[in-house]
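User: I have a chain open on my screen and want to go through it with you. Can we take it piece by piece?

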Amino acid sequence: MEQGKDIVILAIESSCDDTSAAVLKNGYLLSNIIASQKVHEAYGGVVPELASRAHQQNIVPVVDQAIKQAGISRKDVSAIAFTRGPGLLGSLLVGTSFAKGFALASGIPMIEINHLQGHVLAHFLKEEGAENRSPKFPHLCLLVSGGNSQIILVKDHLEMEVIGQTIDDAAGEAFDKCAKVMGMPYPGGPLVDRLAKEGNPDAFQFAKPRIKDLNYSFSGLKTSFLYFLRDRLKENENFIEENKADLCASLQKTIIAILMDKLVKACKQTGIREVTVAGGVSANSGLQNALRAEAEKRHWNLFIPKFAFTMDNAAMIAMTAHYKYLKGEFAAMDAIPFARMNIQE
């Protein structure tokens with residue numbers, strides 16, 4: 001890197017059903033454009049083939065808008081970053097292929113990014129005029145999304161270790177699948193959160209798994225919830241509609257209790273009080289309230305991301321790429337995406 005030269009990262013995120021592009025200049029976010037895909041709502045979940053087709057339609061206008069909003073030209077870009085995995089293979093392939101074409105046409109390097117690392121490093125994003133707090137090292141990150149529930153020991157920007165993770169479903173999957181059983185549209189998590197505010201969290205009791213160490217399990221809760229509804233519906237066919245708010249509140253309380261129990265345990269085991277949360281489920285108001293209560297009680301230094309940085313977004317990919325650029329970690333032109341990756345890959 002030339003001394004005094006600006007580092008301008010253009011980043012692409014296409015791991016699932018959101019097409020996103022962002023521009024980062026010297027660690028400061030200039031733009032973060034996200035195009036969501038409504039097509040999946042009718043199917044109750046993400047349809048991989050439809051997702052990849054939508055990415056193909058969205059990626060050029062999304063990148064164009066990100067560059068324009070950032071107030072830069074294509075010639076200003078130092079490197080282009082892309083999500084290599086984990087995610088839907090077809091969706092990842094769209095972002096990877098675009099990045100290769102852009103890099104070749106512009107004569108700039110590519111940077112491959114682990115989507116999970118991106119979520120963790122969203123806390124280091126800076127914006128002009130904002131407070132821009134960031135956690136110290138080492139810290140613990142509770143990464144909770146539709147596909148991942150992990151407790152991560154973050155030793156440095158690019159050095160992370162998973163010390164606890166789900167052995168089956170993720171917390172986000174539990175929210176969405178239980179919502180689907182209640183007849184709620186996809187994605188169900190935000191709807192459960194909204195209805196939970198109107199319900200009684202102690203109205204119903206659901207099974208909590210007993211898993212060793214710091215690992216999670218949510219499949220038992222999902223099954224418990226399904227059988228509970230099945231039995232109640234035999235007695236009253238309108239049970240769900242008449243108790244939906246209480247069901248959502250009780251379900252949410254159970255999921256949050258499972259998450260918080262292991263996080264508290266991890267903090268005690270490691271002695272770390274620097275705590276962050278990341279991923280789509282980190283936007284859940286009940287989880288945020290529980291985190292703040294524990295932080296006050298246990299004197300944690302807590303970091304909750306802005307809502308825009310909780311979901312899949314290219315800003316977090318750009319932030320991770322910034323640190324990889326500083327270390328000269330560039331991708332080869334024959335890089336291929338991976339549907340499955342752990343956080344250390």
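User: How many bridges join β1 to strand β2, and in which sense do they run?
Analyst: Six bridges join β1 to β2 (residues 18–25), and the two run antiparallel. Strands here are DSSP runs of E with at least two residues, helices are runs of H or I with at least four, and both are numbered from the N terminus. Two strands count as paired if DSSP finds at least two bridges between them. This is a predicted model, in which local features need pLDDT of at least 70, side-chain atom pairs count only at pLDDT 80 or more, and totals for chains, interfaces and linings use all residues. Residues are numbered from 1 along each chain as its sequence is written, and side-chain values use heavy atoms, with hydrogens and water left out.

User: What joins β1 to β2?
Analyst: A hairpin does, through four residues. Across the pair, I9 stands opposite L24 in β2.

User: Which residue stands opposite I12, and in which strand?
Analyst: F82, in β4. Strand β4 covers residues 79–85 and pairs with β1 in the parallel sense over four bridges.

User: Is β1 mostly covered or exposed?
Analyst: Mostly covered: six of its six residues (8–13) are buried. Buried means under 20% relative accessible area, exposed over 50%, and partly exposed in between, with a 1.4 Å probe and protein chains only. V8, L10 and I12 point one way from β1, while I9, A11 and E13 point the other way.

User: Other sheet now. What is the strand order in the open one with five strands?
Analyst: β8-β7-β6-β9-β10, with mixed pairing. β8 (159–165) and β10 (301–303) stand at the edges with a single partner strand each, so one side of each has no neighbour in the sheet. From one strand to the next the twist averages 25°.

User: How do β7 and β8 run, and over how many bridges?
Analyst: They run antiparallel, with six bridges joining β7 (residues 149–156) to β8. D156 in that pairing stands opposite E159 in β8.

User: Which strands does helix α8 lie across?
Analyst: Helix α8 (residues 285–298) lies across β6 (139–144), β9 (274–278) and β10, and runs at about 165° to β10. Contact means heavy atoms within 4.5 Å. Axes are lines fitted to C-alpha atoms, for helices over the stretch in contact, and angles run from 0 to 180 degrees between N-to-C directions.

User: Cysteines next. How many disulfides does a search of the whole structure find?
Analyst: Zero. A disulfide here is a pair of cysteine sulfur atoms within 2.5 Å. For C248, the nearest cysteine sulfur is that of C178, 9.7 Å away.

User: And why is there no bond for C267?
Analyst: Because the closest cysteine sulfur, in C141, is 11 Å from that of C267, which is too far.

User: Are C248 and C267 buried or exposed?
Analyst: C248 counts as buried, at 0% relative accessibility. C267 also counts as buried, at 6%.

User: Last topic, the whole chain. How many helices and strands?
Analyst: Nine helices and ten strands. Buried residues make up 53% of the 345 residues.

User: What is the radius of gyration?
Analyst: It is 21 Å, which agrees with the value near 20 Å for a compact globule of 345 residues. That radius is taken over C-alpha atoms, and the globule rule is 2.2 Å times the number of residues to the power 0.38. Along the principal axes, the C-alpha atoms fill a box of roughly 70 × 45 × 35 Å.
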